[in-house]
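Colleague: Could you take a close look at one part of this model for me, namely how one pair of helices packs together, and then set that part beside the other contacts you can describe? I would like one connected account rather than a list.

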Amino acid sequence: MNKKGFIFDLDGVIVDTAKYHYLAWKDLADSLGIGFSEKQNEQLKGVSRVLSLQKILEWGDMKISDEKFEALMAQKNKEYLDHISHMNETEILPDVSRVLSFLKSANQPISLGSASKNARAILEKVNLFDSFNAIVDGTNVTKGKPNPEVFLVAAKELEMEPTKCIVFEDAVAGVQAANSAGMISIGIGKTEVLFEADYVFSDFTEMSNEFIEELINK
């Protein structure tokens with residue numbers, strides 16, 4: 001069987017930590033008197049904390065000092081960490097474990113490729129840490145998605161050519177990063193949001209083992 005490198009984003013792909021990011025950003029925006037919707041939150045998915053806060057401040061047409069900026073980022077992260085400290089295996093999204101098991105049984109190299117600096121802690125919490133041959137997260141890269149750095153580093157860690165890698169992403173910025181890296185992009189979510197991806201599934205329950213096998217043998 002051929003070998004491909006399979007790279008998974010974390011938030012919204014493996015676990016639904018996206019909801020915790022949303023709650024933490026919403027509380028922060030509310031505290032500043034800035035309106036913040038779930039639609040706006042879509043634009044923050046896969047984006048670094050710095051860029052996310054910059055966007056929220058732009059939406060509110062607000063300027064703040066560097067000290068206040070740093071304090072708000074710390075405040076958001078603390079609330080988010082409070083949420084994820086209660087996570088366990090029940091938070092793994094449907095059929096993610098099946099897909100990971102299938103790839104492992106097919107001897108395919110698997111990496112995480114996430115902007116989150118909390119990725120390792122989350123994988124430990126949900127008992128998936130050992131499912132990955134490599135873990136690349138916000139502590140390993142300096143450029144956020146849509147820059148392809150995180151996926152290119154993951155490919156290198158897996159010793160795979162970028163063109164032989166497949167990325168699972170739920171964010172527009174992540175899909176764009178995968179496409180920039182010359183990888184096959186698979187969107188997990190809504191087609192109208194992730195239309196730039198090569199394939200889109202609403203979740204992994206829609207993705208058959210046969211489809212994954214086709215990707216491996218392509």
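**A helix pair and its surroundings**

Modeller: Helix 5 and helix 9 are oblique to each other, and since this is a predicted model, what follows describes computed geometry. Two packed helices are described by the angle between their axes and the distance between the axes. For helix 5, which spans residues 96–105, and helix 9, which spans residues 209–217, the angle is about 40° and the axes lie 11 Å apart. An angle of about 40° is therefore classed as oblique, given that only angles under 35 degrees count as roughly parallel and that the roughly perpendicular range is 65 to 115. The crossing of helix 5 and helix 9 is right-handed.

As for the residues that make this contact, helix 5 contributes Arg-98, Val-99, Phe-102 and Leu-103, and these meet Asn-209, Ile-212, Glu-213 and Ile-216 of helix 9. Sorted by class, the contact of helix 5 with helix 9 consists of 5 nonpolar, 1 polar and 2 charged residues.

Arg-98 deserves a second look, as this residue of helix 5 takes part in the contact with helix 9 and also forms a salt bridge with Asp-95, with 2.9 Å between the closest N and O atoms. Arg-98 counts as partly exposed, at 26% relative accessibility, and Asp-95 counts as partly exposed too, at 30%.

The packing of helix 3 with helix 4 can be set beside this pair. Here the axes come within 11 Å and cross at roughly 110°, and helix 3 and helix 4 are therefore roughly perpendicular to each other. Their crossing is right-handed. In this contact Arg-49, Val-50, Leu-53, Gln-54 and Leu-57 of helix 3 meet Phe-69, Leu-72, Met-73, Lys-76 and Asn-77 of helix 4, and by class the contact holds 6 nonpolar, 2 polar and 2 charged residues.

Turning to the charged pairs, the structure holds 9 salt bridges, among them the one between Arg-98 and Asp-95 already described. Another joins Asp-30 to Lys-26, with the closest N and O atoms 3.3 Å apart; the two residues are 4 apart in helix 1 (residues 18–32), which means that about one helical turn separates them. Asp-30 is partly exposed, with a relative accessible area of 42%, and Lys-26 is likewise partly exposed, at 26% relative accessibility.

The salt bridge between Lys-45 and Asp-170, whose closest N and O atoms are 4.0 Å apart, links separate stretches of the chain: Lys-45 lies in the loop between helix 2 (38–42) and helix 3 (49–59), while Asp-170 lies in the loop between strand 4 (165–169) and helix 8 (172–180), so the pair ties together parts that are 125 residues apart in sequence. Asp-170 counts as buried, at 7% relative accessibility. Elsewhere, Asp-9, Lys-145 and Glu-169 are linked in a network of salt bridges.

Finally, one loop residue may be added to the picture. Thr-142 sits in the loop between strand 3 (134–136) and helix 7 (149–157), and Thr-142 is exposed, with a relative accessible area of 73%. Its C-alpha atom is separated by 19 Å from that of Pro-162, a residue 20 positions away along the chain.

Conventions. Residues numbered from 1 in each chain as written. Predicted model: local features only at pLDDT ≥ 70, side-chain atom pairs only at ≥ 80, totals over all residues. Heavy atoms only, no water. Axes fitted to C-alpha atoms, helices over the stretch in contact; angles between N-to-C directions. Parallel < 35°, antiparallel > 145°, perpendicular 65-115°, else oblique. Left-handed = near helix turned anticlockwise from the far one by under 90°. Contact = heavy atoms within 4.5 Å. Nonpolar A, V, L, I, M, F, W, Y, C, P; charged D, E, K, R; others polar. Salt bridge = Lys/Arg side-chain N within 4 Å of Asp/Glu carboxyl O. Buried < 20%, exposed > 50% of the residue type's maximum accessible area, 1.4 Å probe, protein only.
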